[in-house]
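Trainee: I would like to learn how to read helix packing and sheet order in a model such as this one. Could we take the features in turn?

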Amino acid sequence: MSSSSLQYVTYAIADAMLSGTAEPDALVARMTLALGEPAAWMSGLAHLAATRFGARWDSVDRRELSTLIAETPGFVSAWRSDARPRVVRVMMRPPVQRPAPPWLQGVALPQLATLADLAAWLDAGCDELDWLADRWRVPAHAASSPLHHYVYKAIQKRDGRCRLIEIPKTRLRAVQRKVLHGLLDRIPLHEAAHGFRRGRNIVSFAAPHADKAVVIRFDLSDFFASVHAGRVYSTIRALGYSLAISRAITALCTNRIPSGRLLEADVRDRIDWLERQRYRNRHLPQGAPSSPALANLCAYQLDLRLTGLARSIGATYTRYADDLAFSGGDDLARMAERLSIRVAAIAIEEGFTLNLRKTRVMRRGARQHLAGVVVNTHPNIARPAFDALKATLTNCVRHGPRSQNRDDHSDFRAHLAGRVAHVAMLNAARGEKLKALFERIVWDCADDATGD
């Protein structure tokens, strides 16, 4: 743009104003430096800008401030005069990281004032950082390309539809892990959240609902894809990071699926229109290591409101990823339908959608279960699940583990050990029985990926 154009001059004045604090006298001083001489209209503009934008000065964009300048009567008169304001010095806002909000006091966040700081923290060059942020350097409709940072895998659901798993390639995955462990893991979550966080699991999620008259389970549709880039950006921005840093981290941790991939035969007729739109827009990819933590952070307000709702009706609320659970006494059982309506409304207001077909109202006389954990009297494993695992282990002892590895697990021994440990966590006595069977299995090198 021309150095004599209205846009150039108002942008330069805005940059000068934004290069320091929002006190009116300081604003006038910086405008004077930028234009080389004081002007009568500067004081009125400074007070107006401080009043309108002072509370959020660090987040004010030069464009909205330049619009205010261009509409200020004093500046308009000066611009229409024979002695138009002329820029003699360009002044830019220095890159700084704002102080963390009060609720993060004591949390050591990475200090990332500039994109160069972010690149260095991620062990990447600035050009690589921009590349990994994926600005669609290839046509968005291309189904596959070595220039894309994700590969896609369609997983069939029980109802015949599918879920798309978005798997970041090696370099981007390493960067996302750094964001996860170096930043996201340090941010405290709402106490109701139990999924994807250290020290919490499905047992801690289900245990508060044990021995209750009624347990009500809700399911959120497309949990990760529902969290769009704008919400991720707002979450990062709220931590105190600059516009540029927040945008860069958002770009690194969100994805949009190429239209061509959504039209391939294994996906095209197995997702609905709304799912397709969510996938086409930048969202949290299910499969990226940073997505679970970001989803929990973005669901903080949802957890806050649902906890308040539960408290208001004498109920208990917890969440494990996309599973929402409420429990309480007979009063809750009588208002189950009204609760569903209120939970659905809150979810929509917070950017999520309930899958009403998966809502379950489980009263004491029937089996009450959450995330595979039975909670009728205390957290326990369902008898059919225990019997199925016991049968698998017994057959491994009798016929060898290879005969039971029907899903071709690369490390079947670790897979079985994990399932046994899960049972032991829920029911120590049953766990001991399964451990005894597991220890009788004879493993050979072909079956045991650990080589033990």
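Mentor: Let us begin with handedness: in this predicted model, helix α1 crosses α2 in the right-handed sense.

Trainee: At what angle do α1 and α2 pack, and how far apart are their axes?

Mentor: Helix α1, residues 6-18, and helix α2, residues 24-35, pack at about 135°, and their axes lie 8 Å apart. Angles over 145 degrees would count as roughly antiparallel and those from 65 to 115 as roughly perpendicular, and α1 and α2 are therefore oblique to each other.

Trainee: Which residues of α1 and α2 meet?

Mentor: From α1 the contact takes I13, A16 and M17, which meet L27, R30, M31, A34 and L35 of α2. Sorted by class, this contact of α1 with α2 holds seven nonpolar residues, no polar ones and one charged residue.

Trainee: How do the axes of α3 and α4 cross?

Mentor: The axes of helix α3, residues 41-53, and helix α4, residues 62-71, come within 11 Å and cross at roughly 140°, which makes α3 oblique to α4. The crossing of α3 past α4 is right-handed. On the α3 side the contact involves L45, L48, A49, R52 and F53, and on the α4 side E64, L65, L68 and I69; by class these residues divide into seven nonpolar, no polar and two charged.

Trainee: Turning to the sheets, what is the strand order in the open sheet of four strands?

Mentor: The order of that sheet is β4-β5-β3-β6, and the pairing is antiparallel. An edge strand is recognised by its partners: β4 and β6 (360-363) each have a single partner strand, so one side of each is left without a neighbour in the sheet. On average, and with direction ignored, neighbouring strands of this sheet are turned by 15° against each other.

Trainee: How many bridges join β3 to β5, and what stands opposite F218?

Mentor: Strand β3, residues 214-219, runs antiparallel to β5 and is joined to it by six bridges, with F218 standing opposite L324 in β5.

Trainee: Which helices pack on this sheet, and which strands do they touch?

Mentor: Helix α15, residues 300-312, packs on the sheet and touches β4 and β5, its direction making about 155° with that of β4. Helix α17, residues 336-349, also packs on the sheet, where it touches β3, β5 and β6, and its direction makes about 30° with that of β3.

Trainee: How are β4 and β5 connected?

Mentor: Strands β4 and β5 form a hairpin with two residues between them, and A321 in the turn has a positive phi of about 55°. Five bridges join β4 (residues 316-320) to β5 (residues 323-328) in the antiparallel sense, and one of the bridge partners is S327 in β5, which pairs with T316.

Trainee: What is the order of the open sheet of three strands?

Mentor: Its order is β7-β8-β9, again with antiparallel pairing. Here β7 (369-370) and β9 (380-381) stand at the edges with a single partner strand each, so each has one side without a neighbour in the sheet. Two bridges pair β7 with β8, residues 373-374, and H369 stands opposite V374 in β8.

Trainee: Finally, how should the overall dimensions be read?

Mentor: The protein has 20 helices and nine strands. Its radius of gyration is 28 Å, well over the 22 Å that the globule rule gives for 452 residues, so the protein is more spread out than a compact globule. Along the principal axes, its C-alpha atoms fill a box of roughly 95 × 55 × 45 Å.

Definitions and conventions. Residues numbered from 1 in each chain as written. Predicted model: local features only at pLDDT ≥ 70, side-chain atom pairs only at ≥ 80, totals over all residues. Heavy atoms only, no water. Axes fitted to C-alpha atoms, helices over the stretch in contact; angles between N-to-C directions. Parallel < 35°, antiparallel > 145°, perpendicular 65-115°, else oblique. Left-handed = near helix turned anticlockwise from the far one by under 90°. Contact = heavy atoms within 4.5 Å. Nonpolar A, V, L, I, M, F, W, Y, C, P; charged D, E, K, R; others polar. Pairing = 2+ DSSP bridges. Rg over C-alpha atoms; globule rule 2.2 N^0.38 Å.
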